[in-house]
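Visitor: I would like a close look at one part of this model. Please take a single helix and follow it outward into its surroundings.

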Amino acid sequence: MVDKFIQTVLSHIANPFVLGTISRELSNHLEDSIKTYVERGYNQNDAEDKAIEAMGDPAELGESLNYTHPLYIDLFSVLSKITAAVAVWVVIFMIVIPNVSKINDKYQGKKDLNEVLSQEIYPKYPYSKKLELEFDVTNTTYKVKEFRFNEENEGLLILSEMTRMIPSPFNQYSFNMECENINCQYQSIYNGLIVYMDEVDDFVLIFDNGFSKWRFNIELKDFL
Amino acid sequence: MSDNREWLRTGAQLMVLSLIDEKDRYGYEIIQELERRSDEVFQMKEGTLYPILHRLENEGHLKSYKQKTVENRERKYYRITKKGKKQLQEEKEKWSVFSNSVIKVVNGMELTLNGR
């Protein structure tokens, strides 16, 4: 009986988005009402009849609820929710995931780079001289921790950078490196510079950022 | 007829809003309270409450939420909103003007009748 009453109400409602909540609300109401009638001494069947009768005409109730819940309003709200959800996923796929994977790649890259350096690059330059040099380019201080070299007159300056918080007013982003006493050329790789020397000897390494020069004595003679 | 319906609608809406203004309530509780307070004069068809509640919610005068009972049944409670409180105040005033006018008219008629 209760189910038939609710089905009749629902059959008059066109909006599918409200059927579930209306059905639950009405069936809860009827359950409470039946319970009250049973407590007043009615048997279960009579209590159900009384409860349903008290509700009124199910068709009229359905029509009235149908009028209260126009489909287009809920359609609009559902469509806006779908649009918002799609937008969130687009943002996640287009912006968040690529950036997270970039960060991972960067991190991964660093890890691999260290492996590459220690396993493949450094062994090419078996001799190592620890250094503690610093020079500035714009707002970045470069530290030179190590100079590695080999018997083929190739050297490797290993740099690490430390960024300062206060940017320099000078818009100078590059630097030059020169050698005194020997001739040298260089090219940058990963975190360092490969130095091609015409001979392995003591020399003066000069960094020039356009405004200042830093001179460092590099003594290699002892190694050979 | 339509005016009559309008007054019935306003009266029912006013009673529903003021009952929910006292505390959050669910549908059946409202029906019971209406019957109890009106000494069972207001025995509306219980189903008619729900279009009123849903319309008040659609208009932003009420907000509903679900709560589980001890028997683990889900009940839909209604809470009055700020907008609803404002609406209640306005309707109370309108109703008071209306009922006073009715009493004045009725009393006036009685006086006239008695005067004959």
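Which pattern does chain B follow, read along the sequence? And where does helix H3 of chain B fit in, largely enclosed or not?

Guide: A caution before we start: this is a predicted model. Read along the sequence, chain B follows the pattern α-β-α-α-β-β-α. That gives four helices and three strands. Of the 116 residues of chain B, 22% count as buried. Among contacts in chain B with a separation of 6 or more, 48% are between residues 24 or more positions apart.

Now the helix. H3(B) covers residues 49-58. Seven of its ten residues are buried, so the rest of the structure largely encloses the helix. The buried ones are Leu49(B), Tyr50(B), Pro51(B), Ile52(B), Leu53(B), His54(B) and Leu56(B). Being buried here takes 20 or more other C-beta atoms within 10 Å. Just after the helix, Gly60(B) takes a positive phi of about 85°.

Next, the core. The largest nonpolar core has 31 residues, and Val16(B) and Leu53(B) touch the most other members. Several elements each supply at least two residues of this core. From chain A they are helix H1 (2-11), H2, H3 and H4. From chain B they are helix H1 (2-22), helix H2 (27-37), H3 and strand E3 (74-80). H3(B) gives the largest share, five residues. In soluble globular proteins, nonpolar side chains tend to be buried together.

Look at Val16(B) from the helix side. Leaving out residues up to four places away in sequence, Val16(B) touches Ile30(B), Ile52(B), Leu53(B) and Leu56(B). Ile52(B), Leu53(B) and Leu56(B) are among the buried residues of H3(B). An α-helix has 3.6 residues a turn, so residues three or four places apart point the same way.

There is also a second, separate core, of eleven residues. Val144(A), Phe147(A), Leu156(A) and Phe203(A) are included in it.

Now cross to chain A. Two packed helices are described by the angle between their axes and the distance between the axes. H4(A) packs on H3(B) at an angle of about 5°, with the axes 9 Å apart. That makes H4(A) roughly parallel to H3(B). On one side, Ser64(A), Leu65(A) and Thr68(A) of H4(A) take part. They meet Tyr50(B), Pro51(B), His54(B), Arg55(B) and Asn58(B) of H3(B). By class, this contact has three nonpolar, four polar and one charged residues. Tyr50(B), Pro51(B) and His54(B) also appear in the list of buried residues in the helix.

Step back to the whole interface. 14 residues of chain A are in contact with 15 residues of chain B. On the chain A side, helix H2 (19-39), helix H3 (44-55) and helix H4 (58-68) give two or more residues. H2(A) has the largest share of that side, six residues. By class, that side has four nonpolar, seven polar and three charged residues.

After the helix, chain B continues into strands. Strand E2 (residues 62-68) of chain B is joined to E3(B) by seven bridges, and the two run antiparallel. Lys68(B) stands opposite Glu74(B) in E3(B). E2(B) and E3(B) form a hairpin with five residues between them. Asn72(B), in the turn, has a positive phi of about 65°. E3(B) also pairs with strand E1 (residues 25-26) of chain B, in the antiparallel sense, over two bridges. There, the bridge partner of Arg25(B) is Tyr78(B). Strands of a sheet pair through backbone hydrogen bonds, either parallel or antiparallel. E3(B) is thus one more link to the helix: E3(B) and H3(B) each supply at least two residues of the largest core.

One last stop, in chain A. Three strands form an open sheet there, in the order E4-E7-E8, with antiparallel pairing. Strand E4 (176-180) and strand E8 (213-218) are the edges, each pairing on one side only. The twist averages 20° from one strand to the next. Six bridges join strand E7 (residues 203-208) to E8(A). Asp208(A) has Lys213(A) as its bridge partner in E8(A).

Technical notes:
Residues are numbered from 1 along each chain as its sequence is written. Chains are lettered from A and ligands numbered from 1 in the order in which they are written. This is a predicted model: local features need pLDDT of at least 70, side-chain atom pairs count only at pLDDT 80 or more; totals for chains, interfaces and linings use all residues. A residue is buried if 20 or more other C-beta atoms lie within 10 Å of its own, exposed if 12 or fewer, and partly exposed in between; C-beta atoms are placed from the backbone. Two residues are in contact if their C-beta atoms, placed from the backbone, lie within 7 Å. Ala, Val, Leu, Ile, Met, Phe, Trp, Tyr, Cys and Pro count as nonpolar, Asp, Glu, Lys and Arg as charged, and the others, Gly among them, as polar. A nonpolar core is a set of buried Ala, Val, Leu, Ile, Met, Phe, Trp, Tyr and Cys residues joined through C-beta atoms within 7 Å. Axes are lines fitted to C-alpha atoms, for helices over the stretch in contact, and angles run from 0 to 180 degrees between N-to-C directions. Angles under 35 degrees count as roughly parallel, over 145 as roughly antiparallel, 65 to 115 as roughly perpendicular and the rest as oblique. Two strands pair if DSSP finds at least two bridges between them.
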